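Work through the exercises below with the model open. Try each task before reading its solution.

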Amino acid sequence: MRITVNVDGVGYTDDVEPRTLLVHYLRERLGKTGTVVGCDTSNCGACTVHLDGHSVKSCSVFAVQADRHEVTTIEGLARDGKLHPVQRAFHENHALQCGFCTPGMIMQSLDLIADHPDPDEETVRKGLEGNLCRCTGYQNIVKAVRDAAHHMRPGAGPEAEQVTEETRSPSHAGGGE
Amino acid sequence: MIPAEFEYVAPTSVEEAVRALTEAGEDAKVLAGGQSLIPVLRMRLAAPNVVVDLSNLSELTGVRDDGDSLLIGAMTTHYEVQRDHLVHDHARLLALATDEVADPQVRHRGTFGGALAHADPAGDLPAPALAMDATMIIVGPGGRREVPAAEFFVDYFTTVLEPNDVLVDIRVPKLTGWSAHYEKFNRVAQAWSIVAVAAAVRVSDGTIAEARVALTNMGPTPVRAHGVEEALVGQPATAESINAAAARAAEGTNPTTDGNADAEFRSHLARVLTGRAITAAVGA
């Protein structure tokens, strides 16, 4: 089946089998190996990407369901060689050890900050409920997300780095919901 | 793992979906948000020949005001239900229970109708649907029919839906002005309910005028706690009367024993969580 998908700002048209998972399409067809497969049981959240501006587990979406939609992966966050504020906050707060969960953690953190621009600790922990980290004990991840939110608040930096409701599409624009 | 091969159909009308399901026979599956079905396909616990994806049926999304009730499209995502102001104002119990479904990523894709049709005994939405006397609106080859929640859930992962039926809308009678709470017990983040309690009450002058209580995972289907409801009505909204009513929570239930809890512990949980849910709802 032929699909046309915009991934990290670039349009792709490909023939895929209906059973191809979005994560496999991203990694194996497009070479976007920044998005990883962690658990294969849809628990761990390592494969989290954005579909039309909302976080999804790309192991639980078929590539055909992304047809005519927009996908953002961890590889689409940095601009002009500069880390996105959430990436920078993870780096500066030592919010990772092995780093395997980090792509998904960062994509979900971005979603969380879009819904809660100034999240307290409990909001961060609930918002990251679908992402597992086996190294850090989460403390520095929580710190990093709150730090990133602080840096992304309106007026805190370049406009392009801020997330507002207007920059996100309504979730029902995503297929398969 | 990679799912087994299947033929993918994405109809653009409900009638077309029913036709595709009828042609495929017993070997077809309906794909709504896919947050249960896709993991099941990936683990090869199911391998249908045909998958009928309802994503293009935009008429099945959204919440509409229909007088005394809300009409919630079966393909409305959990995320949309959580944020909908009509649900917030008239079906608070549903909003609270939806907050407890899985995790944010799953709530962006998973749908209200999908969760009801999947009928997982540990799922968080069948019990609120039962407590609120929701009605399932189903389209099949013979046309449209309505089935009350009390008759919709038949057994573990089994509803009255035939293989070529599509759940299109859920009618949820408004409980405007009622207070509500969904009390979920589980051990780790994003886990299914070991037991949970959906409670909605209408308190008038300190007295419980009406009460609705239903239980998650206290049997193969959600269970209405009629004994608790009877015991609450007409009583003052005090700790004493709430606890006395909650003691009847496990009446008529048939809880399972599994790795998380045995039947006796589940019965205990039902009583304790019912007390907590009603207490939280009335703010006592």
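A residue is buried if 20 or more other C-beta atoms lie within 10 Å of its own, exposed if 12 or fewer, and partly exposed in between, with C-beta atoms placed from the backbone. The model is predicted: local features need pLDDT of at least 70, side-chain atom pairs count only at pLDDT 80 or more, and totals for chains, interfaces and linings use all residues. Residues are numbered from 1 along each chain as its sequence is written, and chains are lettered from A and ligands numbered from 1 in the order in which they are written.

**Exercise 1. Describe the fold of chain A.**

Step 1. Count the elements, taking helices (H or I, at least four residues) and strands (E, at least two) as DSSP runs numbered from the N terminus. Chain A has five helices and five strands.

Step 2. Put them in order. The pattern along the sequence is β-β-α-β-β-β-α-α-α-α.

Step 3. Check burial. Of the 177 residues in chain A, 47% are buried.

Step 4. Check contact range. Two residues are in contact if their C-beta atoms, placed from the backbone, lie within 7 Å. Take the chain A contacts between residues at least 6 apart in sequence: 62% of them join residues at least 24 apart.

**Exercise 2. Split chain A into domains and examine where they touch.**

Step 1. Set the bounds, which come from an automatic or database domain assignment. Domain 1 of chain A spans 2-75, and domain 2 spans 85-161.

Step 2. Find the separation. Their C-alpha centres lie 21 Å apart.

Step 3. Count the contact residues. Domain 1 of chain A supplies 15 and domain 2 of chain A supplies 11.

Step 4. Locate the domain 1 side. β3 (48-51) and β4 (54-57) of chain A are the elements giving two or more residues. β3(A) gives the most, with three residues.

Step 5. Sort that side by class. Ala, Val, Leu, Ile, Met, Phe, Trp, Tyr, Cys and Pro count as nonpolar, Asp, Glu, Lys and Arg as charged, and the others, Gly among them, as polar. The domain 1 side has six nonpolar, nine polar and no charged residues.

**Exercise 3. Characterise the contact between chains A and B.**

Step 1. Count both sides. Chain B contributes 31 residues and chain A contributes 28.

Step 2. Map the chain B side. α2 (37-42), β3 (50-53), α3 (78-83) and α6 (104-109) of chain B each supply at least two residues. α6(B) gives the most, with five residues.

Step 3. Sort by class. The chain B side has 15 nonpolar, 10 polar and six charged residues.

Step 4. Read the confidence. The predictor gives the complex an ipTM of 0.94 and a pTM of 0.94.
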